[in-house]
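Here are some worked exercises for you to try with the model open in your viewer. Have a go at each task before reading its solution.

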Amino acid sequence: MKFFIWKYNPKVIQMQPSDNILVLAPRHQKKNYQECDVNNVVFFDNISFKSMDEFFQKQKASGIKIDDIITLDEQAMDWVGTLKEMFTTKNGLSNLLFKDKYFMRTTLMNTVKEPHFECINTENVNQINFKNGLVKPRRSDSARGISHFHNQIDFKKLSNQSGYFDAESFLAEEFVDYDTMFAVDGYTDLQGHEQFFANEYSSKISDYGKADFLAVHTSSLYNETNLSHIKRLFNLSKRVLKKIATPGEVIPFHFEWFYNQKKDEFIFGEVGKCFGGVQIPELINKSFGINVLKEYWQLLNGKANEINFQNQIVRPSQCSTSYIQMQKNHKVMTKTLAHLFKNQFFYKQYIPLNTPAKSASSVDDAFFLTQFTSQDVNESDQYCRQLNTAFQETTKPK
C-alpha cells in the first residue's frame with residue numbers, strides 16, 4: 001500500500017480515487033474528499049510529523065506493508081522524506097534535497113551553473129560580503145522571508161527574523177543579473193515516462209514587493225523555429241533531476257531558471273518536488289491540451305499505458321497566463337474584476353472586497369489571481385496592463 005499525505009483540498013491537485021493509495025488527510029477536509037469520490041482516506045485531527053509517525057508505527061506493528069509515503073505538500077516535503085526512510089525501503093533523501101536550498105545547491109555545484117552561496121552561521125555572518133546578495137530561509141517556499149543586503153548582512157535583523165540563529169537556517173547567495181526567469185514544470189520517473197513544459201515570468205520575481213503585479217505565461221521560447229533554448233532548458237532540468245531525484249519514483253517538479261541574454265546563459269534558481277503554484281498546471285492544460293495532474297495520478301497508479309507520452313517537444317496552441325495582483329498596504333478593492341475579459345477561465349479573490357490589505361511579504365500575497373488565454377505573449381502583456389489599470393480604478397486607500 002502507498003500512503004499519500006495531503007492536508008489541503010484534494011480538488012487542488014485533482015486527486016483521483018485509487019485502490020492502492022491510502023490518503024492521510026485532516027478531518028475538516030472530509031466533505032471535499034466525498035465530493036471527489038475519494039473514499040480510501042484516513043482522517044486525523046491534525047497532520048504533522050508526530051501524528052503521522054504514530055500512525056505508521058501502528059501500521060508497522062500490525063504487519064501492514066508500507067510501500068511508499070508520498071506528498072505534494074512542499075512545506076511537508078522534508079519530514080515526509082524522513083517517514084519514508086523510517087518506514088519503507090525507498091530512499092527519502094531526495095525529499096530533503098528538493099526542500100533544503102543549501103543541500104540542493106551544494107549537491108548541484110558541479111552539475112549546473114548557480115549563484116555563489118554560503119550557509120550562514122554565527123562564525124561567518126560578518127565575513128559574507130557579497131556586493132549584492134540575498135538572504136533566504138533554507139526551507140521556505142514562494143520567495144517568503146527573502147531579504148536583500150549589500151556588502152554585509154545585518155546580523156541583528158537576521159537574528160530577529162529567525163528568533164534563533166545558531167540553527168543555520170539561512171542561506172546567503174549572490175544576486176543574479178538576469179533578464180528573464182523561466183519555469184519548467186512537469187513530472188518524470190527517470191525511466192522514460194515524463195512531460196516537460198516551459199513558462200516564463202513577466203517580471204523579476206525578486207521584485208514582487210515593488211511591482212503592482214506578477215504574471216506567468218506560456219514561454220515565448222516556443223516561437224523559435226528550432227526550439228534551441230527550450231531544448232537547453234529541458235536538458236539542464238533533466239541533468240538536475242538525475243542528480244537529486246530517485247529513479248522509479250514519480251517526481252513532479254517546478255524549476256526556476258534565470259536567463260542572462262547577453263551571456264546566453266541559464267542559471268539554476270531552485271526546484272521543488274511539486275507542481276508550480278499560481279495554477280501552472282492549468283496553464284499547461286489550456287496551452288498544450290495536456291492535464292499533467294491527471295497524468296501524474298495515472299502514473300502513480302501504475303497506468304502509464306493510459307498516457308500519450310510525447311517523443312518530441314510539443315508546441316502550444318495558444319498563450320495562457322496567470323496574473324497575480326500583489327497586495328499593497330492600505331489598499332481596498334471595491335469591486336471584482338472576475339468578468340473583465342471573456343477569455344478569463346479562472347478567478348479567485350484572496351482579499352475580500354472593501355477589506356484593507358497589507359504589503360506583500362511573498363508572491364502568495366495577492367488581492368486576486370486570474371487566468372486567461374491570448375493569441376501570443378504580446379496580447380497577454382496587453383491584457384495584463386488592462387487588468388492593472390482596471391485594478392487601480394477599482395481600488396482606494398483605506
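**Exercise 1: the nonpolar cores**

In this predicted model, the largest nonpolar core holds 75 residues, and Phe4 and Trp257 touch the most other members. Task: find which element gives the most to this core, list what Phe4 is in contact with beyond its neighbours within four places in sequence, and look for another core apart from it.

Solution.
- Step 1. Start with the elements: α7 makes the biggest contribution to this core, with seven residues.
- Step 2. Now select Phe4 and leave out its neighbours within four places in sequence; its contacts then include Ile13, Met15, Ile21, Leu22, Val23 and Leu24. Also in contact with Phe4 are Ile70, Thr71 and Leu72, together with Tyr296, Trp297 and Leu300.
- Step 3. Another core, of 17 residues, lies apart from the largest one, and among its members are Phe213, Ala215, Leu337 and Phe367.

**Exercise 2: a covered strand**

Task: decide how many residues of strand β14 (residues 319-326) are buried, then sort them by face and find the pairing strands.

Solution.
- Step 1. Take the cut-off for buried as under 20% relative accessible area. Eight of the eight residues of β14 pass.
- Step 2. In a regular strand, side chains alternate between the two faces of the sheet, so every second residue can be grouped together. One side of β14 has Cys319, Thr321, Tyr323 and Gln325, while the other has Ser320, Ser322, Ile324 and Met326; both faces are covered.
- Step 3. Strand β11 (residues 213-218) pairs with β14 in the antiparallel sense over five bridges. Here Phe213 has Gln325 of β14 as its bridge partner.
- Step 4. Strand β17 (residues 366-374) also runs antiparallel to β14, joined to it by eight bridges. In that pair, Ser320 stands opposite Thr373 of β17.

**Exercise 3: enclosed space**

Task: say how many cavities of 30 Å³ or more a search of the whole structure finds, and describe the linings of the largest and the second largest.

Solution.
- Step 1. The search returns three cavities of 30 Å³ or more.
- Step 2. The largest cavity has a volume of about 80 Å³. Its lining has 13 residues, with Ile70, Thr71, Met77, Glu249 and Lys273 nearest the centre. Two elements, β4 (68-71) and α3 (77-87), give two or more residues each to this lining.
- Step 3. By class, the lining of the largest cavity splits into eight nonpolar, two polar and three charged residues.
- Step 4. For the second largest cavity, the volume is about 50 Å³. Glu74, Phe98, Lys99, Lys101, Met104, Ser140, Glu270 and Val271 line the second largest cavity, and α4 (93-99), α5 (101-107) and β13 (265-272) each give two or more residues to that lining.
- Step 5. The classes for the second largest cavity are three nonpolar, one polar and four charged.

**Exercise 4: an open pocket and a loop residue**

Task: describe the second largest pocket, then state whether Asn305 is buried or exposed.

Solution.
- Step 1. The second largest pocket has a volume of about 270 Å³, and of its 15 lining residues, Phe234, Lys238, Gln310, Gln312 and Ile313 lie nearest its centre.
- Step 2. At least two lining residues of this pocket come from each of β10 (194-201) and α7 (228-244). The lining is made of six nonpolar, six polar and three charged residues.
- Step 3. Asn305 belongs to the loop between α9 (292-300) and β14. Asn305 counts as exposed because its relative accessibility is 69%.

Definitions and conventions. Residues are numbered from 1 along each chain as its sequence is written. This is a predicted model: local features need pLDDT of at least 70, side-chain atom pairs count only at pLDDT 80 or more; totals for chains, interfaces and linings use all residues. Side-chain values use heavy atoms; hydrogens and water are left out. On a 1 Å grid over the protein atoms alone, a cavity is a set of points where a 1.4 Å probe fits but cannot get out, and a pocket is an open set with protein on both sides within 12 Å along at least five of seven lines; lining residues have an atom within 4 Å of a point. Grid points are joined across faces, edges and corners, and a volume is the space filled by probe spheres set on the points. Helices (H or I, at least four residues) and strands (E, at least two) are DSSP runs, numbered from the N terminus. Ala, Val, Leu, Ile, Met, Phe, Trp, Tyr, Cys and Pro count as nonpolar, Asp, Glu, Lys and Arg as charged, and the others, Gly among them, as polar. A nonpolar core is a set of buried Ala, Val, Leu, Ile, Met, Phe, Trp, Tyr and Cys residues joined through side-chain atoms within 4.5 Å. Buried means under 20% relative accessible area, exposed over 50%, partly exposed in between (1.4 Å probe, protein chains only). Contact means heavy atoms within 4.5 Å. Two strands pair if DSSP finds at least two bridges between them.
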